[in-house]
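Trainee: I am new to this structure and should like a close look at a single part of it. Please choose one part, describe it carefully, and then place it in its surroundings.

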Amino acid sequence: MNKILSIGTIVKVRGMYDGVNLMIIGYFPIEKETEKIFDYSGILYPQGLVGERSVFLFFDEDIEDIIFEGYSDDESEEFRKALPMLLEKMAEFEENWF
């Protein structure tokens with residue numbers, strides 16, 4: 001992952017129907033069933049959250065195109081820079097927890 005995209009970024013994700021885009025709403029979500037960690041969570045754009053199965057989990061490499069880049073300020077930049085380190089710390093904590 002080269003650059004972590006801002007919350008609110010609209011992306012075209014591989015495997016989605018033509019004309020269906022997702023808006024990024026979160027980072028490093030964990031799928032409950034598999035405990036797999038994805039890079040992003042997103043919702044349909046422009047529909048938004050329309051039901052319990054309307055949050056999509058995807059990896060950076062699944063992004064085919066960036067349609068619109070979300071808002072970014074100094075605070076969000078610093079947060080995104082720290083995310084990989086935070087994820088690493090979470091993984092270490094989980095390994096030592098069990």
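Mentor: The account that follows takes strand β2 as its part and works outward from there.

A word on the whole comes before the part. The model is predicted. The protein holds 1 helix and 5 strands, and from the N terminus on its elements run β-β-β-β-β-α. Along the principal axes, its C-alpha atoms fill a box of roughly 45 × 35 × 20 Å. Of the 98 residues, 31% are buried.

Let us turn to the chosen strand. β2 covers residues 21-27. With 5 of its 7 residues buried, β2 is largely enclosed by the rest of the structure. The term "buried" here stands for a relative accessible area under 20%.

Two strands pair with β2. β1 runs antiparallel to β2, and 2 bridges join them; here Ile10 stands opposite Met23 of β2. The pairing of β2 with β3 is also in the antiparallel sense, over 6 bridges. In that pairing, Tyr27 has Tyr40 of β3 as its bridge partner.

The interior can be described from the same strand. In soluble globular proteins, nonpolar side chains tend to be buried together. In this model, the largest nonpolar core has 13 residues, and Val11, Tyr40 and Phe58 have the most contacts inside it. At least two residues of this core come from each of β1 (10-13), β2 (21-27) and β3 (40-45). The largest share, 3 residues, is that of β2.

Tyr40 thus appears both among the core residues with the most contacts and as the bridge partner of Tyr27. Both tyrosines also belong to one aromatic cluster, together with Phe58 and Phe79. Across the whole structure, the search finds 4 aromatic pairs. Phe79 brings the helix into this picture, for Phe79 lies in α1 (residues 74-97). With a relative accessible area of 42%, Phe79 is partly exposed.

The outer surface also has a nonpolar portion. Ile25, Leu49 and Val55 make a nonpolar surface patch of about 260 Å². Val55 belongs to strand β4 (residues 55-58), and at 37% relative accessibility Val55 counts as partly exposed.

The loops on either side of β2 deserve attention next. Arg14 lies in the loop between β1 and β2, and its partner Asp62 lies in the loop between β4 and β5 (63-68). The side chains of these two residues meet in a salt bridge, 3.9 Å from N to O. The pair links distant parts of the chain, 48 residues apart. Arg14 counts as partly exposed, at 47% relative accessibility.

On the other side, the loop between β2 and β3 contains Phe28 and Glu35. Although Phe28 is not a glycine, it has a positive phi of about 50°. Glu35, likewise not a glycine, has a positive phi of about 60°. Their surroundings can be set side by side: Phe28 counts as buried, at 14% relative accessibility, whereas Glu35 is exposed, with a relative accessible area of 64%.

One further backbone feature follows strand β3. Tyr45 and Pro46 are joined by a cis peptide bond, with omega about 15°. Pro46 is found in the loop between β3 and β4.

The helix completes the survey. Side chains of opposite charge can pair when their charged atoms come close. The model has 4 salt bridges in total, including that of Arg14 and Asp62. In helix α1, Arg80 forms a salt bridge with Glu77, and their closest N and O atoms are 2.6 Å apart. Arg80 and Glu77 are 3 residues apart in the helix, so about one helical turn separates them. Arg80 counts as buried at 6% relative accessibility, while Glu77 counts as partly exposed at 31%. A further salt bridge in the list joins Glu78 to Lys81, with the closest N and O atoms 3.8 Å apart. These two residues also lie in helix α1, 3 residues apart, about one turn of the helix. Lys81, at 59% relative accessibility, counts as exposed.

In returning to the part with which we began, one may keep two points in mind. β2 pairs with β3 over 6 bridges and with β1 over 2. β2 also supplies 3 residues to the largest nonpolar core, the largest share of it.

Methods:
Residues are numbered from 1 along each chain as its sequence is written. This is a predicted model: local features need pLDDT of at least 70, side-chain atom pairs count only at pLDDT 80 or more; totals for chains, interfaces and linings use all residues. Side-chain values use heavy atoms; hydrogens and water are left out. A nonpolar core is a set of buried Ala, Val, Leu, Ile, Met, Phe, Trp, Tyr and Cys residues joined through side-chain atoms within 4.5 Å. Buried means under 20% relative accessible area, exposed over 50%, partly exposed in between (1.4 Å probe, protein chains only). Helices (H or I, at least four residues) and strands (E, at least two) are DSSP runs, numbered from the N terminus. Rings of Phe, Tyr and Trp (its six-membered ring) pair if their centres lie within 6.5 Å; planes under 30 degrees apart count as stacked, over 60 as edge-to-face and the rest as tilted. Two strands pair if DSSP finds at least two bridges between them. Patches are made of residues with over 30% relative accessible area and no salt bridge: like charges are joined within 9 Å, nonpolar side chains (Val, Leu, Ile, Met, Phe, Trp, Tyr) within 5 Å. Accessible areas come from the Shrake-Rupley method with a 1.4 Å probe; for residues, only the protein chains shown count as cover.
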